[in-house]
Amino acid sequence: MRFKQQNSQRELPELEITPMLNVMLVVLAFFVAVAANLAEEGEHLMVRLPQEAEALEIEPPEADSDSPEEPEFLQVVLQEGGALLVNDRPLEKAQLLEQLPGYLQQSPQRQVYLQVSGDVPYQTVIETLTALKGIGGDRVSLVIGSGENR
């Protein structure tokens, strides 16, 4: 029994590389053009600065009397043992949580900053911050650092 071999197996497949070479030449030309432009920009950066005669006299805008009011903030200091100082006055946590909605409702500019003083357990800080955020939402922030340079 003899098998008939097909002619297609004897023929070597042709590999068409012309489209690939065309793409590679285009990419190479692109990189050469970009490299040439980058090299030129590094040596000569042309910036036209206004001359003294061309300079316009621009007056700073005057402060409007209708400008939004300065943000007010309530400083809450959490001390060791869980004691709270609100604007340097001792206050119980329950009292603070009771009075905080009224404080925040008086103005949308009012903010609450919680500052931790001393060695306060992390859990206490998180509980206090969570309780404050539950009332004040995004208007309550945790102060990191000493808070003296605000």
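Buried residues, meaning those under 20% relative accessible area where exposed means over 50% and partly exposed lies in between (1.4 Å probe, protein chains only), make up 19% of the 150 residues in the protein chain. The structure is a predicted model, in which local features need pLDDT of at least 70 and side-chain atom pairs count only at pLDDT 80 or more, while totals for chains, interfaces and linings use all residues. Residues are numbered from 1 along each chain as its sequence is written, and side-chain values use heavy atoms, with hydrogens and water left out.

We can begin with the overall layout. The protein chain has 4 helices and 5 strands, where helices (H or I, at least four residues) and strands (E, at least two) are DSSP runs numbered from the N terminus. Read along the sequence, these elements follow the pattern α-α-β-β-β-α-β-α-β. If a contact is taken to be heavy atoms within 4.5 Å, then among contacts in the protein chain between residues at least 6 apart in sequence, 65% join residues at least 24 apart.

Next comes the interior. A nonpolar core is a set of buried Ala, Val, Leu, Ile, Met, Phe, Trp, Tyr and Cys residues joined through side-chain atoms within 4.5 Å, and the largest such core here has 17 residues, with Leu 74, Val 76, Leu 96, Leu 100 and Val 112 having the most contacts inside it. Two or more residues are given to this core by each of strand S1 (73-78), strand S2 (84-86), helix H3 (93-106), strand S4 (111-116) and helix H4 (122-136), and H3 gives the most, with 4 residues. Leu 100 offers a good place to look, for, leaving aside its neighbours within four places in sequence, Leu 100 is in contact with Leu 74, Val 112, Leu 132 and Ile 135.

Aromatic rings are the next topic. Rings of Phe, Tyr and Trp (its six-membered ring) pair if their centres lie within 6.5 Å, and planes under 30 degrees apart count as stacked, over 60 as edge-to-face and the rest as tilted; the structure holds 2 such aromatic pairs. The rings of Phe 73 and Tyr 113 have centres 5.2 Å apart and planes at 40°, so this pair is tilted. The pair links distant parts of the chain, with Phe 73 in strand S1 and Tyr 113 in strand S4, 40 residues apart. Phe 73 is partly exposed, with a relative accessible area of 39%, and Tyr 113 is also partly exposed, at 23%.

Turning to the surface, Val 23, Val 27, Phe 30, Phe 31, Val 34 and Leu 38 form a nonpolar patch with about 570 Å² of accessible area together. Patches are made of residues with over 30% relative accessible area and no salt bridge, like charges being joined within 9 Å and nonpolar side chains (Val, Leu, Ile, Met, Phe, Trp, Tyr) within 5 Å. Of these patch residues, Phe 31 lies in helix H2 (residues 18-43) and is exposed, with a relative accessible area of 52%.

Finally, there is a charged pair to find. A salt bridge is a side-chain nitrogen of Lys or Arg within 4 Å of a carboxyl oxygen of Asp or Glu, and by this rule the count comes to 1. The side chains of Glu 72 and Arg 110 meet in a salt bridge at 3.0 Å, N to O, and this pair links distant parts of the chain, since Glu 72 is in the loop between H2 and S1 and Arg 110 in the loop between H3 and S4, 38 residues apart. Glu 72 counts as partly exposed at 33% relative accessibility, whereas Arg 110, at 12%, counts as buried.

Key:
Areas by Shrake-Rupley, 256 points an atom, 1.4 Å probe, with all protein chains shown as cover.
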